[in-house]
Amino acid sequence: MTAKTHEVVRVELAERSYEVVIGAGVREELPRRVSDLGDGDVLLVHDGPDRPWPAEARRSLESTGRRVVECMLPTGEEHKHIRTVERIWDSALEADIDRRCIALGVGGGVVGDLTAFGASTLFRGVSLCQLPTTLLSMVDSSVGGKTGFNRPQGKNLVGTFYQPRFVICDVETLSTLPREERIAGLAEVVKSAWLENEDAVAMLEADADGLREGDLAATVRAVGMSVRMKARIVAEDEREAGARMLLNLGHTVGHAIEAAQGFRGVRHGEGVALGMVAACRVARTCLGETPDEGRLLALLERLGLPTNLDDHYDARASSHLVADKKRRGGSIRFVVPTAPGRTRLEAVPVDEIRRALGV
Ligand code: GLY
């Protein structure tokens, strides 16, 4: 296995700084990077044998003489709860793992968030590393140190901030992902580019056909751009007191649409795509901005993402919007897109948002 393209992004957080390695074939770095963390046992957390990456990671670590304890989780957002976290803790404790433990999450966002929460609490914190194998988790959840699980009252309501020691984003692992899942992940890439700058959006426009078809070099460029943008924001605002809230672009309405469909209708990325369309509409109607909506829609459509907001945003979604956790005194802290690289947070009355969206 040879790395064809390779980029290393550093997340600068003083003594908790770490590297995100992005490329095709870069998972070959796993044993070496784990050995930099000491000689503890690896707690390998994943959600199933249907993709080859956990077994491959296990083999590559064991070939260096490392003990690997496997913890297999059930698949799906509905398992993102405390009992699944208990499974992670208990797998380690039942195998007599000690505090030198190195927790490794291999999979998508649910596996990553649960592994990270488990690592942040097991023995009051053990080393954590991530090998994300979905586009969404590469460009968003594996980087930045958010961990957590859901409660009946809502998603990700309990968690910690706990940074990994390294993240390996190997775009070759996306080859076994269903096409629709990979395409849905591109919505977060578009979000990243809109938050970043004109050059990032132009790069996605140039690469759109390759990205839709899963071209490795185009995907490495897109993941690299997204991770660089996120690393910059996390370095500035690790605990989401300001700039990090901008990462919620498209998420307010997107989340309401997802919630209205019981998180089983539209995929998260599809919700984010529709949410960005809604954000442009709110910016125009409520705030008199002139975001380049046509350009955003054209890019989303070329990537195969949905833009037909009116077919998805209904009265049920509207009622979830009202309950949005970011709502304060009748307003929502909304991420307003103006132009690529120019976004801001603004409190927008929820009634005005509903009027702009027609429900
Ligand atoms: N997913 C948004 C964040 O990491 O802040």
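**Entry 1: ligand site**

I began with the ligand and listed the residues that surround it: Asp140, Lys146, Lys230, Arg244 and Leu247. I note at the outset that the model is a predicted one.

I then looked up the polar distances. For Lys146, I found an N or O atom of the side chain at 2.9 Å from an oxygen atom of the ligand. The side chain of Lys230 places an N or O atom 2.6 Å from a ligand oxygen. For Arg244, the corresponding distance between a side-chain N or O atom and an oxygen of the ligand is 2.7 Å. I also checked the cover of the ligand: alone it exposes 200 Å², and 85% of that area is buried by the protein.

**Entry 2: the sheet**

I traced the strand order next. Seven strands form an open sheet in the order 1-2-9-6-5-3-4, and the pairing is mixed. Which strands lie at the edges? I identified strand 1 (6-11) and strand 4 (68-72), each of which pairs on one side only. The average turn between neighbouring strands of this sheet, with direction ignored, is 15°.

I examined one pair in detail. Strand 2, residues 18-23, runs parallel to strand 9, residues 166-170, and the two pair over five bridges. Within this pair I found Val20 of strand 2 opposite Val167 of strand 9.

**Entry 3: helices on the sheet**

I recorded which strands helix 4 (residues 109-121) touches as it packs on the sheet: strand 3 (42-46), strand 5 (102-107) and strand 6 (127-132). The direction of helix 4 makes about 170° with that of strand 5.

I then turned to helix 8, residues 216-236, which lies across strand 1, strand 2 and strand 9. Its angle to strand 1 is about 10°. I note that Lys230, one of the residues around the ligand, falls within the residue range of helix 8.

**Entry 4: strands 7 and 8**

I looked up the pairing of strand 7 (residues 149-151) with strand 8 and found it antiparallel, over two bridges. A hairpin of two residues joins strand 7 to strand 8. The bridge partner of Arg151 is Gly154, in strand 8.

**Entry 5: positive phi values**

I searched for residues with positive phi. Where does Phe123 lie? I placed Phe123 in the loop between helix 4 and strand 6. Its phi is positive, about 50°, although Phe123 is not a glycine. I checked its exposure as well: the relative accessible area of Phe123 is 25%, so this residue is partly exposed, as the value lies between the limits of 20% and 50%.

Asn156 is a further case, with a positive phi near 55° in a residue other than glycine. I located Asn156 in strand 8, residues 154-158. Is Asn156 buried, partly exposed or exposed? Its relative accessibility is 39%, and therefore I recorded Asn156 as partly exposed.

I add Gly262, which follows just after helix 9 and takes a positive phi of about 60°.

**Entry 6: helix 9**

How many residues of helix 9 (residues 251-260) are buried? I found nine of its 10 residues buried, and the helix is thus mostly covered. Among the buried residues of helix 9 I noted His251, Thr252, Val253 and Gly254. Glu258 is also listed as buried in helix 9, together with Ile257, Ala256, Ala259 and Ala260.

Terms used. Residues numbered from 1 in each chain as written. Predicted model: local features only at pLDDT ≥ 70, side-chain atom pairs only at ≥ 80, totals over all residues. Heavy atoms only, no water. Pairing = 2+ DSSP bridges. Helix = DSSP H or I, 4+ residues; strand = E, 2+ residues; numbered from the N terminus. Axes fitted to C-alpha atoms, helices over the stretch in contact; angles between N-to-C directions. Contact = heavy atoms within 4.5 Å. Buried < 20%, exposed > 50% of the residue type's maximum accessible area, 1.4 Å probe, protein only. Near = heavy atom within 4 Å. Polar contact = N/O pair within 3.5 Å; in protein donor to acceptor, adjacent residues only side chain to side chain. Areas by Shrake-Rupley, 256 points an atom, 1.4 Å probe, with all protein chains shown as cover.
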